[in-house]
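Please open the model in your viewer and keep the sequence panel beside it, since this tour moves from one selection to the next.

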Amino acid sequence: LRQNLLLGILLGLGIGVALAFGRKAVSKRIQQPHELEANGYNLIGVIPAMDKVLATRFKGKEEIVVNGKALSTRLVTLHDPWSPISESYRLVRTNIRGVDTLSSKEVVLVTSPEMSDGKTLTAVNLAIASAQLGRRTLLIDADMRRPSMHRMLGIDLSPGLIDLISGELHSLQPIQTVVKDLWAVPAGKATLPPAEFIGSEVMVEFLEHVRAMYDVVIIDSPPVLAVTDSVLLAPLCDATILVVSAHRTDMRALEV
């Protein structure tokens, strides 16, 4: 009986290990940053997971009040600028400025392959990091299908970008946020498919206008595999950042 039990345990462990290695070999999900570079992608930064840090510091709170505004606790570059996570965002900021194709007036698009990869979180923290450097920064929420930037910054959803490019507004004044040197343009409430207006002449003129007014313009856009908005916006920008999530994003999603 003991011998059979021992053989059963060893056999079970062996099968479990074999299945684990087999699953890892078959899986195409991104596990480590070097996998991106090995597949020919330009890695400009790695942002550590912040859930445990936020749970410890803010005791599970999603929002805190700063200067009368309810801000997301995930704005780590604002709430804890000395943290390793904030330093990671500053490294991304530095690497963007180091790209030769960018001029002194930068328009950067931030997107992701799929939803919940962290693109909006990256866009907002990157904008704060840019503003903290003393550069006049404009953050635009072009994800008009699932806007969330306004909630993170404690500003109203509308009027916003969709109201301007659809012709409902003749002009749009960016909102001064609680962060010095950071302004924001919310998404607005879309009543028609945003793709109908993203590539319009009004959008082109708006981006040219803000390019001249601000040192850095960061645009949060929808996932590329979900809708075409980001594909239409990318040619209007100087650079595109693709945010991927470790243990979640499939490498094949980057090849589409």
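**A stop at the hairpin**

Begin by selecting Glu 63 and Ser 72, for Ser 72 in strand 2 is the bridge partner of Glu 63. This is a predicted model, in which local features need pLDDT of at least 70 and side-chain atom pairs count only at pLDDT 80 or more, while totals for chains, interfaces and linings use all residues. Residues are numbered from 1 along each chain as its sequence is written, and side-chain values use heavy atoms, with hydrogens and water left out.

Widen the selection to residues 63-66, which are strand 1, and you will find four bridges joining this strand to strand 2, the two running antiparallel. Helices (H or I, at least four residues) and strands (E, at least two) are DSSP runs, numbered from the N terminus, and two strands pair if DSSP finds at least two bridges between them. Two residues lie between the strands of this hairpin, where Asn 67 takes a positive phi near 50 degrees.

Now return to Ser 72, which is found in strand 2, residues 69-72. Is Ser 72 buried or exposed? Its relative accessible area is 9%, so Ser 72 is buried; buried means under 20% relative accessible area, exposed over 50%, and partly exposed in between, with a 1.4 Å probe and protein chains only. Show its surroundings and, leaving aside neighbours within four places in sequence, you will see Ser 72 in contact (heavy atoms within 4.5 Å) with Glu 62, Glu 63, His 79, Arg 151 and Met 152. The side chain of Ser 72 also reaches the backbone nitrogen of Arg 74, at 3.1 Å.

**Following the charged pairs**

Select Arg 74 next, together with Asp 51, because the side chains of these two residues meet in a salt bridge (2.7 Å, N to O). Asp 51 lies in helix 3 (residues 51-58) and Arg 74 in the loop between strand 2 and helix 4 (76-79), so the pair ties together parts that are 23 residues apart in sequence. Asp 51 is partly exposed at 47% relative accessibility, and Arg 74 is partly exposed too, with a relative accessible area of 27%. A salt bridge here is a side-chain nitrogen of Lys or Arg within 4 Å of a carboxyl oxygen of Asp or Glu, and the structure holds eight of them.

For another, move to helix 5 (residues 84-97), where Glu 87 and Arg 90 lie three residues apart, about one turn of the helix. Their side chains meet in a salt bridge (2.9 Å, N to O); Glu 87 is partly exposed at 45%, whereas Arg 90 counts as buried at 16%.

**Into the sheet**

Then display the six strands that form an open sheet in the order 5-6-4-7-3-8, with mixed pairing. Its edge strands are strand 5 (175-176) and strand 8 (239-242), each of which pairs on one side only. Zoom to strand 3 (residues 106-111) and strand 7 (residues 216-220), which run parallel and are joined by five bridges, and note that Leu 109 stands opposite Ile 219 in strand 7.

Finish with Asp 220, which forms a salt bridge with Lys 119, the closest N and O atoms being 2.9 Å apart. Asp 220 lies in strand 7 and Lys 119 in helix 6 (residues 119-132), so this pair ties together parts that are 101 residues apart in sequence. Asp 220 is buried at 1%, and Lys 119 is buried at 6%. Add Asp 143 to the selection, and you have the three residues, Lys 119, Asp 143 and Asp 220, that are linked in a network of salt bridges.

Technical notes:
Polar contact = N/O pair within 3.5 Å; in protein donor to acceptor, adjacent residues only side chain to side chain.
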